[in-house]
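Take a guided walk through the model below. Keep the sequence and the 3D view side by side as you read.

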Amino acid sequence: MYVAVKGGEKAIDNAHAWLGEIRRGDTDIAALSVAQIRSQLSLAVDRVMAEGSLFDADLAALAIKQSRGDLIEAIFLIRAYRTTLPRFGASAPIKTENMACMRRISATFKDVPGGQVLGPTFDYTHRLLDFKLAADGVIDEARKAATPDEAKPHITEFLNQEGLIQHEPTSDTTPPDLTREPLELPASRALRLQALARGDEGFVLGMGYSTQRGYGRNHAFVGELRIGDVAVELDIPELGFSVEIADIEVSECETVNQFSGSKTEPPQFTRGYGLVFGQSERKAISMALLDRALRWKELGEDSSGSPAQDEEFVLYHCDNIQATGFVEHIKLPHYVDFQAELELVRTLRREATEAKVAKEAAL
Amino acid sequence: MNTHSLTGGFENASHASANAFRVALDVMARPGKIAEITGGTPPAPMSSAAGTLLLTLCDPATPVWLAPSLSGSDIADWLRFHTGAPVVENRHAAMFAVGAWAELLPISDFAIGTPEYPDRSATLIVEMETLEPSGAILRGPGIKSTAALGLPALTEFQNNAALFPLGLDFFLTAGSQIAALPRTTKLEG
Amino acid sequence: MNTEYNFAYLDEQTKRMIRRALLKGVAIPGYQVPFASREMPMPYGWGTGGVQVTAACLVPDDILKVIDQGADDTTNAVSIRKFFEKTGGVKVTEETAKATVIQTRHRIPEAALTEGQILVYQVPIPEPLRFLEPSEVETRKMHALEEYGLMHVKLYEDIARHGHIATSYAYPVKIEGRYVMDPSPIPKFDNPKMEMAALQLFGAGREQRIYALPPYTQVVSLDFEDYPFEKGGAQQACGLCAAEDAYLDEVIMDDAGTRMFVCSDTDYCRVRREAGHIGEMGVPLAEDAA
């Protein structure tokens with residue numbers, strides 16, 4: 001006798017309980033605190049803030065704990081939370097030229113006003129497992145130079161003064177917001193940058209990499225990479241001036257790219273731009289490469305038809321929450337559709353066999 | 001701002017707007033059907049049906065054009081206070097327009113959408129004396145065979161239907177009653 | 001009911017945006033209205049579009065039914081139903097006839113729906129031309145110009161190759177002689193039901209599209225004069241309730257591969273069994289419950 005499957009609700013409750021148990025892990029080991037995650041897994045926290053589009057390290061750390069360290073799942077938690085938040089206003093553009101830099105390097109000049117600052121980078125660490133960390137070793141305190149307070153100018157500005165790099169006109173137009181309006185193509189650069197800033201790090205990295213290997217090559221130099229804190233200001237119309245509401249840490253990358261010129265414009269370098277919440281230079285550099293590749297039309301270039309130059313391809317596929325949802329949804333029941341396919345294939349096979357038999361009989 | 005402008009909003013916004021929207025959806029899906037829509041109390045002379053509809057659908061993203069008979073009163077303040085909707089002079093920029101039929105003419109001033117985005121068209125709220133289930137004969141999506149509705153004109157609605165898939169969509173309001181006429185409805189006198 | 005969130009979860013501004021899109025969708029049957037889909041607390045591809053449409057339509061007095069594959073007890077249907085019980089405080093039911101709003105994935109209930117009901121579909125890819133033309137910019141143009149030749153070529157190639165139109169679900173339809181529309185991945189068996197008394201609303205969350213069919217809207221499954229549309233369907237009767245007019249799921253019963261066919265619409269099957277219909281492999285309902 002056949003009894004139709006029942007008990008979905010019970011199964012879901014049990015699955016959630018089990019998930020909770022596994023999340024906690026061995027109870028003989030102390031539970032991880034949100035503060036520990038925030039302070040000791042800070043780059044994971046930064047990625048969740050960047051792709052979750054919400055600058056809140058405590059919530060990002062909580063999301064990482066809740067998601068058992070699955071960062072896309074954590075980003076998802078943050079996104080779903082973020083959507084429900086009321087909006088009080090829009091901040092003024094941040095002034096990254098006023099950044100308090102903890103790291104600032106340029107690949108295009110040996111030295112620059114304000115200096116090259118390595119900062120807390122993995123760059124020159126030898127990637128050898130450090131077994132002292134496993135033993136909870138005591139950490140030597142780093143010797144830090146007193147950070148000069150003066151603002152460090154953007155390096156591309158030096159090129160701009162000479163007219164050597166394409167001038168980026170400023171605009172007071174309110175940029176579009178893809179979290180509030182449906183995506184419409186062709187997209188403005190501002191919208192593309194928004195999509196890339198919250199896009200999946202792996203996707204943006206892969207696409208940026210592809211431009212270096214010839215798929216939409218744009219000969220990039222890192223004009224400047226800087227990481228540090230910037231002030232966020234909010235205009236308060238009732239007061240008639242803006243108020244500083246927070247300091248946020250961002251990573252900014254400006255690339256200096258292959259020059260272009262035309263009959264009216266003498267040859268000059270072009271730019272790519274990347275800006276990401278927190279400390280994430282891999283993402284910022286990749287974003288700048290991809291931004292530059294997507295600008296081919298505006299800069300009067302021909303597209304080589306590369307994926308990195310196809311804004312529809314990039315914008316529709318860079319979001320990991322959309323991607324993971326749709327990729328994973330094929331594990332949901334599809335047996336009704338499959339049944340329809342089964343019937344069709346059976347019919348087609350039956351007809352093919354009948355036709356073959358008839359053909360042989362006729363011979 | 002007059003105190004009339006501060007009152008007359010929804011008592012419980014999420015429930016009132018849900019109930020009102022359901023009525024609006026129902027009449028738009030069944031052209032010619034006359035239903036009760038309540039919850040909002042706009043200043044006179046706007047009907048409570050039109051006011052409720054505006055409270056349900058308007059916010060800072062929806063420019064509204066108010067007919068002269070309405071815009072001179074507290075209604076514009078009321079609308080701005082309760083919905084934040086910008087009241088516009090330019091008829092072509094309006095997403096919603098409210099007024100008596102004569103004031104809405106010529107309806108060709110309002111946006112009818114574009115071939116790629118026919119949804120970017122205005123919705124007109126026509127204030128009527130009464131709504132009557134007799135008059136023009138309606139056919140089209142949402143109607144089983146035919147429906148009947150008293151309309152202030154025929155030619156304009158027929159011309160609008162001929163623009164399909166572009167065109168305007170209409171709500172007709174009187175007191176607390178509402179009916180609708182989407183661009184898909186074909187009309188006979 | 002959970003009061004930490006607004007009624008039916010979405011904030012009022014989001015609901016207004018969706019409601020405006022729904023009204024335009026109803027006014028332009030079969031046309032996909034772009035809407036600013038929100039990130040829901042469930043994954044894209046799992047019904048976020050349907051959930052947003054349902055949330056924008058629900059009233060406190062509604063009675064909600066949620067089905068996936070025709071069944072009320074599939075895990076995702078259970079999960080969505082729970083979501084609205086928690087955030088909307090609405091009553092829920094498994095009985096098709098009692099529901100005022102039915103959210104569905106992949107099926108249309110067997111019992112005819114009535115005037116007072118709304119059927120909300122979860123849609124993965126709303127663009128019927130997407131598998132022929134991946135670019136949204138291009139397909140939008142094709143709809144604007146009513147340029148559907150590509151679709152007919154595809155269907156014709158199927159016939160040339162297989163002797164049949166080889167599409168068994170998400171079978172494209174033309175609405176009121178204008179827009180070609182994706183009916184969502186329902187089996188083509190369900191296509192003829194789409195001309196119905198209830199209002200049908202379609203939500204695609206990840207793809208940010210809403211579309212609609214008012215009651216009694218003309219829905220024609222694409223075909224050719226010499227190869228007319230056939231809805232297909234199982235050759236058997238339901239093993240539990242003996243229904244011959246229902247869409248059936250094939251269940252593998254044992255290691256030898258013995259098959260049984262049962263109604264995919266679990267409520268339809270229950271109603272029939274309650275009325276005393278017993279299929280070849282079925283037993284009276286009372287015994288089953290015991």
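Start with chain A, which is divided into three parts: domain 1 (10-82), domain 2 (96-119 + 148-169 + 179-324) and domain 3 (333-362). Domain 2 is written as several stretches, so trace each of them when you colour the chain, following the bounds of an automatic or database assignment. Bear in mind that this is a predicted model.

Now look at how domain 1 and domain 2 of chain A meet. Their centres, taken over C-alpha atoms, are 29 Å apart. Domain 1 of chain A brings 14 residues to the contact, and domain 2 of chain A brings 18. Together the two domains bury about 1,300 Å². Carbon and sulfur atoms give 59% of that area.

Which residues of domain 1 of chain A supply the most of its buried area, taken three at a time? They are Glu51(A), Phe55(A) and Arg79(A). These three supply 40% of the area that domain 1 of chain A buries against domain 2 of chain A.

Charged pairs also link the two domains. The count between domain 1 and domain 2 of chain A is 2 salt bridges. Find Arg47(A) in the view, then Asp200(A): they form a salt bridge. Their closest N and O atoms are 2.9 Å apart.

Next, turn to the second largest pocket. It holds about 1,800 Å³ of space. Its lining has 41 residues. Closest to the pocket's centre are His16(A), Glu73(A) and Leu77(A), along with Pro41(C) and Met42(C). Both chain A and chain C are therefore named in that short list, lining residues being those with an atom within 4 Å of a pocket point.

Which helices each give at least two residues to this lining? From chain A they are H1 (8-24), H4 (57-66), H5 (71-83) and H12 (320-328). From chain C, helix H3 (75-88) does so too. By type, the lining residues divide into 21 nonpolar, 11 polar and 9 charged.

Finish with some details of the backbone. In chain A, the peptide bond from Leu185(A) to Pro186(A) is cis, with omega near -5°. Pro186(A) sits in the loop between helix H7 (155-161) and helix H8 (189-197) of chain A. Chain B has a cis peptide bond from Ala44(B) to Pro45(B), with omega near 0°. Look for Pro45(B) in the loop between strand S1 (35-36) and helix H2 (48-57) of chain B.

In chain C, go to Ala8(C), in the segment before helix H1 (12-27). Ala8(C) is not a glycine, yet its phi is positive, near 60°.

How values were computed
Residues are numbered from 1 along each chain as its sequence is written. Chains are lettered from A and ligands numbered from 1 in the order in which they are written. This is a predicted model: local features need pLDDT of at least 70, side-chain atom pairs count only at pLDDT 80 or more; totals for chains, interfaces and linings use all residues. Side-chain values use heavy atoms; hydrogens and water are left out. On a 1 Å grid over the protein atoms alone, a cavity is a set of points where a 1.4 Å probe fits but cannot get out, and a pocket is an open set with protein on both sides within 12 Å along at least five of seven lines; lining residues have an atom within 4 Å of a point. Grid points are joined across faces, edges and corners, and a volume is the space filled by probe spheres set on the points. Helices (H or I, at least four residues) and strands (E, at least two) are DSSP runs, numbered from the N terminus. Ala, Val, Leu, Ile, Met, Phe, Trp, Tyr, Cys and Pro count as nonpolar, Asp, Glu, Lys and Arg as charged, and the others, Gly among them, as polar. Contact means heavy atoms within 4.5 Å. Buried area is the accessible area (1.4 Å probe) that two parts lose on being put together, summed over both. A salt bridge is a side-chain nitrogen of Lys or Arg within 4 Å of a carboxyl oxygen of Asp or Glu.
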